[in-house]
Amino acid sequence: MAVLSRRRRAFALAGVAALALIAAACGDDAGDTGTSNADKPECAPYAQYKVDKKKTVSIYATIRDAEATKLTDSWKQFEECTNIKIDYEGSGEFETQIKVRADGGQPPDIAVFPQPGLLASFASKNQLKELPAPVKANLDKNWSKDWAKYATVNGKVYGVPLGANVKSLVWYSPQLFKEKGYKIPTTWDEMIKLSDDIAATGIKAWCAGIESGDATGWPATDWIEDIVLRDQGPDVYDQWVNHTIPFNDPRIVSAAERTASILKNPKYVGNPKTIVTTSFQEGGLPVKDKKCGLHRQANFYSNQWAKGTNVAEDGDVFAFYFPAVDPAKGKPVLVAGEFVSAFSDREEVVKVQTYLASAEWANSKAKLGDWISANKNLDVSLVKGTIDQLSVKILQDPATVARFDGSDLMPAAVGSKSFWTGMTDWINGTKDTKATLDYIESTWPK
């Protein structure tokens, strides 16, 4: 948990004159005289966000520890220049506590939702504020319609994107590719041909791990989602996620079978059952040792490589875009991220939410590293890390057709329960494709 301490006020016991001098220097109160921080040249970009009197805005999110420190660092200049203090709290119990606080009449001013489905549950109860005009203007300017719709409930928009993850990546060893003369595939057929070539050398073409404690199975749900998007396209993906077609629709069966052609193929992965007992963290590590050719996983997998690993096009490991089945239909990309929503529409709250929806804030955050955004006006040159740079380029590509992680959009009984367990049984071989999809369909809330 990271909670910003309030700025300490300066006190002087030497009399009113000394107090006035300190107040003038610090600009601590709205009634102070003299030059305040907001009058400094570096504060010019924040003029539109300034309020006349000191205000505090509370933000509640799941972002904690080192990531929380970088988050709070990203708005320090904003605080110094606007008279707005941001009181941030990150919690591992966000999903539970945000409901407790909201239902108890004590919600934060702003919540950062990691799941659009959770956001929608608050919006549908009229607990969130529809985006004010300046925030909506930044949303329209900086994000694609694909991203905007994830915070849209009954035709009204209640949130603006913050950070993002790109899940449609395949990790590989540039050294292995150079030694064997392999080329980066740009189509699905080229990737399958590459998989055959790698398998023919006696090493695993693909490696994976779906063990993740109580969340075991989630990496396999990403595989299904990524391939539904490629096999059937965004329209069918949306229908599937929204349950306007059943989970066991023949088109989803087709996508699952395409997934099985890789993930359950002994020629490519060895014994598929080992995927169930291999942790998510360890699933792709054989790539670096050239004991496995390919590993499909998100940009955040870069955190799993050992310290000193050179992540670069000519380094120890790198990644390429998970190819489309039919490139003529666009560039499907599975994504995830967070959304900034407000429980209050006070002036200072609107200004903070507007700032967080701006390219200026996105660039301020990018400079601190280990973070990307789908903000179209994010300066890629400021993004640190080769994989993060690659991910931002994918997000900003006009051909990209982004769709949010399906399990995060589905009801919890499915998205974070039966979908996970169903995929685990499927890979383990205890259920075939039809039985697995029939089972998951049967758990969808009536």
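This is a selection-by-selection tour of a predicted model, starting at a four-stranded sheet and ending at rings and charges.

**Stop 1: the sheet**

Select residues 204-206 and 318-321, which are strands β8 and β10. These are the edge strands of an open sheet, each pairing on one side only. The full order across the sheet is β8-β9-β7-β10, with mixed pairing. On average, neighbouring strands here are turned by 25° against each other, direction ignored.

Now add residues 292-296, strand β9. β8 and β9 run parallel and are joined by two bridges. To find one end of the pairing in the viewer, pick Trp 206: its bridge partner in β9 is Leu 294.

Next, show residues 386-396 as helix α17. Helix α17 packs on the sheet, where it touches β10 and also β7 (169-172). The direction of α17 makes about 10° with that of β10.

**Stop 2: Arg 296**

Stay in strand β9 and select Arg 296. Is this residue buried or exposed? Its relative accessible area is 2%, so Arg 296 is buried.

What does the side chain of Arg 296 reach? One target is the backbone oxygen of Lys 167, at 2.7 Å. Draw a second distance to Asp 226: a polar contact of 2.8 Å joins the two side chains.

For the wider surroundings, leave aside neighbours within four places in sequence. The residues in contact with Arg 296 then include Ser 168, Leu 169 and Val 170, as well as Pro 219, Asp 222, Trp 223 and Phe 322. Trp 206, the residue bridged to Leu 294, is also in contact with Arg 296.

**Stop 3: Tyr 321**

Move to strand β10 and select Tyr 321. This residue counts as buried because its relative accessibility is 15%, and the cut-off for buried is under 20%.

Show the side chain of Tyr 321 together with the backbone of Pro 332. A polar atom of that side chain lies 2.8 Å from the backbone oxygen of Pro 332. Not counting residues up to four places away in sequence, Tyr 321 touches Lys 331, Pro 332 and Val 333, along with Ser 168, Leu 169, Arg 230 and Ile 394. Ser 168 and Leu 169 have already appeared among the contacts of Arg 296.

For a distance check, pick the C-alpha atoms of Tyr 321 and Lys 384. They are 19 Å apart in space, and the two residues are 63 apart in sequence.

**Stop 4: two positive phi values**

Most residues other than glycine have a negative phi. Select Asn 154, in the loop between β4 (152-153) and β5 (156-157). Phi of Asn 154 is near 55°, a positive value. With a relative accessible area of 75%, Asn 154 is exposed.

Then go to Asp 370, in the loop between α16 (359-366) and α17. Its phi is positive too, at about 55°, although Asp 370 is not a glycine. Asp 370 is exposed, with a relative accessible area of 60%.

**Stop 5: aromatic rings**

How many aromatic pairs does a search of the whole structure find? The count is 33. Begin with Tyr 46 and Phe 78, an edge-to-face pair with 6.4 Å from centre to centre and 75° between the planes. Tyr 46 is in the loop between α1 (16-26) and β1 (55-61), while Phe 78 is in helix α3 (residues 76-82), so the pair ties together parts 32 residues apart in sequence. Both residues are buried.

A second edge-to-face pair is formed by Phe 177 and Tyr 182, at 5.5 Å centre to centre and 85° between the planes. Phe 177 counts as buried at 5% relative accessibility, and Tyr 182 is buried with a relative accessible area of 14%.

For a cluster, select Trp 171, Trp 218, Phe 280, Phe 300, Tyr 301 and Trp 305, which are linked by ring pairs.

**Stop 6: charges over rings**

Select Arg 101 and Tyr 60. The charged end of Arg 101 sits over the ring of Tyr 60, 4.0 Å from the ring centre. Finish with Lys 125 and Phe 122: here the charged end of Lys 125 sits over the ring of Phe 122, 5.5 Å from its centre.

Conventions. Residues numbered from 1 in each chain as written. Predicted model: local features only at pLDDT ≥ 70, side-chain atom pairs only at ≥ 80, totals over all residues. Heavy atoms only, no water. Pairing = 2+ DSSP bridges. Helix = DSSP H or I, 4+ residues; strand = E, 2+ residues; numbered from the N terminus. Axes fitted to C-alpha atoms, helices over the stretch in contact; angles between N-to-C directions. Contact = heavy atoms within 4.5 Å. Buried < 20%, exposed > 50% of the residue type's maximum accessible area, 1.4 Å probe, protein only. Polar contact = N/O pair within 3.5 Å; in protein donor to acceptor, adjacent residues only side chain to side chain. Phe/Tyr/Trp six-rings, centres within 6.5 Å; stacked < 30°, edge-to-face > 60°. Lys NZ or Arg CZ within 6 Å of the ring centre and 35° of its normal.
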